[in-house]
Every structure is written in C-alpha cells, then in structure tokens.
Amino acid sequence: MDGTAHPDLAEVWHWLSEVPDPEIPVISLTDLGIIRDVAWEGETLVVTVTPTYSGCPATAIINLDIETALQNRGIEQVRLKRQLSPPWTTDWLTEEGRQKLRDYGIAPPVDGTAADGRLAGRISRLAGSSNLTIACPRCGSARTEKISQFGSTPCKASYRCQDCLEPFDYFKCI
C-alpha cells in the first residue's frame, strides 16, 4: 500500500473469510470464529485472534496464513494480537461453518453444549460420559457411538455410525 488509503474493514473481513483453517481446509478462520477483531491503528492493520485453545499446534501456521493473505492484498504492516480471554468456544462457529463441517464429513458441535457453565455437565463431558446425541454427518442417523475421545486432531473425537457403519470425526465442544 502507498499509505494514502486503507482498504475498508468489510473488505478485509472478506479477505480473511477466504483463509482456510490449516487442519480443516473446508472451513475458514472466520467460520471458526477465531478472528475476533480487525482495526486500523495508523498504517498498521491489527488482527485480533483467539486460538481454539492455547496449545493449538496450528496457531503458528494460522498466524502466517493471515499475514500472507493480507500482504498478498497489499497490506504491508500487519500486527497480530493474541487474545485469550474470553477463551474461544465452539459456540463461535458460524452456521455456514457448521454446514461446511457436515458436508466434509465432520459432525459439528451439538448446539449450546459449549456454553454449559454447570460444573457437573462439564466434568461429565470431559470424562467422556456425555449423553449427547451426535448425528452422523453422512446419513444423519442418531445411532452413533464414540470410538475414542481423541480423533485426528486434539479438537476432534472419533465416532462410528451404527446405521451406515462409517467412521467420522466429531468437532468437540470447548
């Protein structure tokens, strides 16, 4: 950029909506809800990012992808601001993002479960004894079973459909 005019923030948000998550490339960083704010501070574009969890191994790649996407659009000065509070929750996933997960074969989080503040409910979910019904993203059946609390990435669990017999990942609630 030559410093005379900044791109409109709506346009910047659009550019960021085209940056895929490195672990699930069919969903964008904005679909995930990890980009919390975009603002100009003088000639520097500040992008506030909340990682899905503080130890997420993809954080460095996500930051690099954000910087690269914006620099490719002519924004020379980008500062990434890491925001840990409030912590990211799967409630921040967009409806479009949830549908993209389903279409890709990953069951999205059950609505409202991430926001459950009751300690007993959280302990039950963490212990893996949840009574949540996870619908199969392939056939829609509610007859599914958890195979493992740990899936292909730390944010997913492994399930199997008892009707179509296909395995699938469930994007765990955080």
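## Close-ups of a predicted model

**View 1. A salt-bridge network links Asp-31, Glu-96 and Lys-100.** Here, a salt bridge means a side-chain nitrogen of Lys or Arg within 4 Å of a carboxyl oxygen of Asp or Glu. Search the whole structure and you find 8 salt bridges. What you're looking at is a predicted model, where local features need pLDDT of at least 70 and side-chain atom pairs count only at pLDDT 80 or more, while totals for chains, interfaces and linings use all residues. Residues are numbered from 1 along each chain as its sequence is written, and side-chain values use heavy atoms, with hydrogens and water left out.

**View 2. The whole protein, to get your bearings.** There are 5 helices and 7 strands here, and from the N terminus they come in the order α-α-β-β-α-β-α-β-α-β-β-β. Both kinds of element are DSSP runs numbered from the N terminus: helices are H or I with at least four residues, strands are E with at least two. The protein has 174 residues, and 40% of them count as buried. For the labels used below, buried is under 20% relative accessible area, exposed is over 50%, and partly exposed is in between (1.4 Å probe, protein chains only). Look at contacts (heavy atoms within 4.5 Å): of those with a separation of 6 or more, 55% are between residues 24 or more positions apart.

**View 3. Helix 4 has a buried side and an exposed one.** Helix 4 covers residues 95-104, and its buried residues are Gly-97, Arg-98 and Leu-101. These sit on the same side of the helix because they span an arc of only 105° around the axis; the arc is taken from the directions from the helix axis to the C-beta atoms. Flip to the other side and Glu-95, Glu-96 and Asp-103 are exposed. So what covers the buried residues? The cover includes helix 2 (29-32), strand 4 (106-107) and strand 7 (167-171). Just past the end of helix 4, Gly-105 has a positive phi of about 100°.

**View 4. A salt bridge within helix 4 joins Glu-95 to Arg-98.** The two side chains meet at 3.8 Å, N to O. Both residues belong to helix 4 and are 3 residues apart, or about one turn of the helix. An α-helix has 3.6 residues a turn, so residues three or four places apart point the same way. Still, the partners get separate labels: Glu-95 counts as exposed because its relative accessibility is 57%, while Arg-98 counts as buried at 3%.

**View 5. Two salt bridges link distant parts of the chain.** Arg-143 pairs with Asp-163, with the closest N and O atoms 2.8 Å apart. Arg-143 is in the loop between helix 5 (119-126) and strand 5 (144-148), and Asp-163, 20 residues away, is in the loop between strand 6 (156-161) and strand 7. Arg-143 is partly exposed at 45% relative accessibility, and Asp-163 is partly exposed at 43%. The other bridge brings together the side chains of Arg-160 and Glu-145 (3.1 Å, N to O). Arg-160 is in strand 6 and Glu-145 in strand 5, 15 residues apart. Arg-160 is partly exposed at 34%, and Glu-145 is partly exposed at 28%.

**View 6. Thr-48 is a buried residue of strand 2.** This strand covers residues 44-49, and Thr-48 has just 4% relative accessibility, so it counts as buried. Leave out residues up to four places away in sequence, and Thr-48 touches Ile-34, Ile-35, Arg-36, Asp-37, Lys-81 and Gln-83.

**View 7. Two loop spots to zoom in on: Pro-86 and Leu-165.** The peptide bond from Ser-85 to Pro-86 is cis, its omega near 0°. Pro-86 belongs to the loop between strand 3 (78-82) and helix 4. Leu-165, in the loop between strand 6 and strand 7, isn't a glycine, yet has a positive phi of about 65°. Leu-165 counts as exposed because its relative accessibility is 58%.

**View 8. One cavity of 30 Å³ or more.** On a 1 Å grid over the protein atoms alone, a cavity is a set of points where a 1.4 Å probe fits but cannot get out, and lining residues have an atom within 4 Å of a point. Points are joined across faces, edges and corners, and the volume is the space filled by probe spheres set on them. The largest cavity comes to about 80 Å³. Its lining includes Asp-21, Glu-23, Cys-56, Cys-155 and Phe-171. The lining splits into 8 nonpolar, 2 polar and 2 charged residues, where nonpolar means Ala, Val, Leu, Ile, Met, Phe, Trp, Tyr, Cys and Pro, charged means Asp, Glu, Lys and Arg, and polar means the others, Gly among them.

How values were computed
On a 1 Å grid over the protein atoms alone, a cavity is a set of points where a 1.4 Å probe fits but cannot get out, and a pocket is an open set with protein on both sides within 12 Å along at least five of seven lines; lining residues have an atom within 4 Å of a point.
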